[in-house]
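Subject: Structure handover

Hello,

Here is the structure for you to take over. My notes on what was found follow below it.

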Amino acid sequence: MSRLRQPPLVTGISPNEGIPWTKVIIRGENLGTGPTDLIGLTICGHNCLLTAEWMSASKIVCRVGQAKNDKGDIIVTTKSGGKGTSTVSFKLLKPEKIGILDQSAVWVDEMNYYDMRTDRNKGIPPLSLRPANPLGIEIEKSKFPQKDLEMLFPGMSADFTSENFSAAWYLIENHSTTSFEQLKMAVTNLKRQANKKSEGSLAYVKGGLSTFFEAQDALSAIHQKLEADGTEKVEGSMTQKLENVLNRASNTADTLFQEVLGRKDKADSTRNALNVLQRFKFLFNLPLNIERNIQKGDYDVVINDYEKAKSLFGKTEVQVFKKYYAEVETRIEALRELLVDKLLETPSTLHDQKRYIRYLSDLHAPGDPAWQCIGAQHRWILQLMHSCKEGYIQDLKGNLHSPMLDLDSDTRPLVLGHLSQTASLKRGSSFQSGRDDTWRYKTPHRVAFVEKLTKLVLSQLPNFWKLWISYVNGSLFSETAEKSGQIERSKNVRQRQNDFKKMIQEVMHCLVKLIRGALLPLSIPECGLRQYGGWEVKSELSGLWLAHVIQTIRLTYESLTALEIPNDMLQTIQDLILDLRVRCVMITLQHTAEEIKRLAEKEDWIVDNEGLTSLPCQFEQCIVHSLQSLKGVLECKPGEASVFQQPKTQEEVCQLSINIMQIFIYCLEQLSTKPDADVDTTHLSVDVSSPDLFGSIHEDFSLTSEQRLLIVLSNCCYLERHTFLNIAEHFEKHNFQGIEKITQVS
């Protein structure tokens, strides 16, 4: 049958030396699966199986027997693993015979003491000295399988020294073929042994009878003496002497062993102290470890160690532990303050803020650090917005003190540069002036400020909003903190919902008021001008720059809507956009009126085939371009109201449109009644002076008043039949109100 397990291996024995019958503990591997699996145990060649007690597969306890060899291996044999090996050895010491009154440095087991009078062993023999054959007849081992016997007698044993000894098992195993006569003899032997045992104790008494008599006489004499002396302490009495003798013996013994015992006590106390230090080194080293980990930034490690220390020593009554735990608490309190400072630092990333809030919730920091962080972030955003305004105003003041002209006057954004250039060409170079182009198209301070301000809000507000959402849904906090503080936090959230709404509204109001202060100062009350205004700029922004600003604010609104911020919080931005659109329309129409006023100067009196000059065409182009530039402004984006929804606005726009028509009519009147001497011919273009159909004009530049009147009338006819109708169509196309009034004036 093949073995299923590894052979036994002995790796240790304690003690590793001793006299015969010393109790030893054997340790190793694969030392059997149970008591029945252990079938052999020899130490220094002596069989110790009878005294062996199987404890586990790695431990056996037994007594060392008498052996010939002084030193040898420990060999264990099991059914499952076979004969084993040993990596250690046992040294057998020869026992010295010691009398009862002899001094000894070690404890002598009284089980096997030496009797001076009889010179024989009188103690109870150990298990190994008991007879191997208690029946006193020949043993004939049967071939009956061990497993079947174990099944027949569950929990029993054939070992006659065992508590669970089964006589039937023993007889089947050792005497299955023995005859009945021999078994009768065995019974007789057992009876004889039992009688010997009872007679033996009596024989011991008989042998030492004289000793018993001597002891009896001594005790009787002591009794009589004590009775004679009485029970009181009398100086010189036997009891007093006996007490003195005993005290002297005790003092002598103390003196002899005092130094040794003192050293032993000191060693024991040192050993105990070292054991305590070793066992609780986690707590003793914790304050220093916390400081080191805080310097490294390993806050997770600090929190884990603190939680462990709190669970182990939080409620301790031991003074030393209390002292060290108080040190730990001091350092953790310092860590809480450090984390709060880091949390409230600005600027800071959302990831860092969430991390610090989790740490503080794990450390059970007082108050509500997450809400403190939200408040700090809110104040930081407002501060950034006001700083942005102050920076641009300072920059503008620096430029105003320089000899340069005001940048905010009639300039155009870079993105619209091409449009304005083409417009100026078509309108007879009405936009041309002495300024350099690069300087003309430089972004005005107020426009740059609005762009910077909106960019700043869009960079800060998303993280602020996400922080609030995380605060509401509890994802800011760790699982443990979330479970413990869930009810309390849900109350906080309900209370703070309105507070956060006010914060968002405050940011929106600040954004809107700063933009109004820069672009629409008249829409802010006097008391708010100092805080939100301060732009010392007299000239208005052009319509094109206002259109550019409107586009910027619209994009900002879309981005904020994408964050899922409720519309009621963003209503102020919509109101601002509407006011800016109205303002843009007004400014553009006013600028158009001024350009049309200058058209009279550009009349060149060159007549084409239809008897018209370029004036009607220039007039129509001027209005078309103005309306074209307002297309994006007049168009309503989602959520926006129409520019013309207010009757007052309708009236003002209609009046401005009528004003444009009246100015042009006034120009025509001026041209028709202009005296001859006032005709300016220096402004004629290159095209006019080149040879063409009207070359005859070169001969005589002067026109009579009748000719000019005819040309103006011709232009008026064309305007009435075509131009005014086209302009009315354009006004209608752009949803202008009161077109009938405009056409009536024309």
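Two strands count as paired if DSSP finds at least two bridges between them. By that rule, strand β2 (residues 17–18) pairs with β11, since 2 bridges join them, and the two run parallel. Please keep in mind throughout that this is a predicted model.

Strand β11

On the β2 side, E17 has K91 as its bridge partner in β11. Strand β8 (residues 71–78) is also joined to β11, by 3 bridges, and here the direction is antiparallel. K91 appears again in this pairing, as the bridge partner of K71.

The side chains of β11 (residues 89–92) alternate. F90 and L92 point to one face and are buried. S89 and K91 point to the other face and are not buried. As a rule, side chains in a regular strand alternate between the two faces of the sheet.

The open sheet

There is an open sheet of 5 strands in the order β6-β7-β3-β1-β10, and its pairing is mixed. Its edge strands are β6 (53–56) and β10 (85–86), each of which pairs on one side only. The pairing of β6 with strand β7 (residues 59–63) is antiparallel and runs over 3 bridges. Within it, S56 stands opposite K59 of β7.

Helices α6 and α8

Helix α6 (residues 281–296) packs against helix α8 (residues 319–344) at an angle of about 15 degrees, and their axes are 8 Å apart. Angles under 35 degrees count as roughly parallel, so α6 is roughly parallel to α8. The crossing of the two helices is left-handed.

On the α6 side, the contact is made by L283, F284, L286, P287, I290, E291 and I294. On the α8 side, the residues are V320, F321, Y324, Y325, E327, V328, R331, I332, L335 and L338. Taken by type, the residues of this contact comprise 14 nonpolar, no polar and 3 charged.

Residue F282

F282 also lies in helix α6. Is F282 buried, exposed or partly exposed? Its relative accessibility is 24%, and buried would require under 20% while exposed would require over 50%, so F282 counts as partly exposed.

Which residues does F282 contact, leaving aside its neighbours within four places in sequence? They are D305, K308, A309 and F313. For A309, the separation from F282 is 27 residues in sequence and 8.3 Å in space, C-alpha to C-alpha.

Regards

Conventions. Residues are numbered from 1 along each chain as its sequence is written. This is a predicted model: local features need pLDDT of at least 70, side-chain atom pairs count only at pLDDT 80 or more; totals for chains, interfaces and linings use all residues. Side-chain values use heavy atoms; hydrogens and water are left out. Buried means under 20% relative accessible area, exposed over 50%, partly exposed in between (1.4 Å probe, protein chains only). Helices (H or I, at least four residues) and strands (E, at least two) are DSSP runs, numbered from the N terminus. Axes are lines fitted to C-alpha atoms, for helices over the stretch in contact, and angles run from 0 to 180 degrees between N-to-C directions. Angles under 35 degrees count as roughly parallel, over 145 as roughly antiparallel, 65 to 115 as roughly perpendicular and the rest as oblique. A crossing is left-handed if the near helix is turned anticlockwise from the far one by less than a right angle, and right-handed if clockwise. Contact means heavy atoms within 4.5 Å. Ala, Val, Leu, Ile, Met, Phe, Trp, Tyr, Cys and Pro count as nonpolar, Asp, Glu, Lys and Arg as charged, and the others, Gly among them, as polar.
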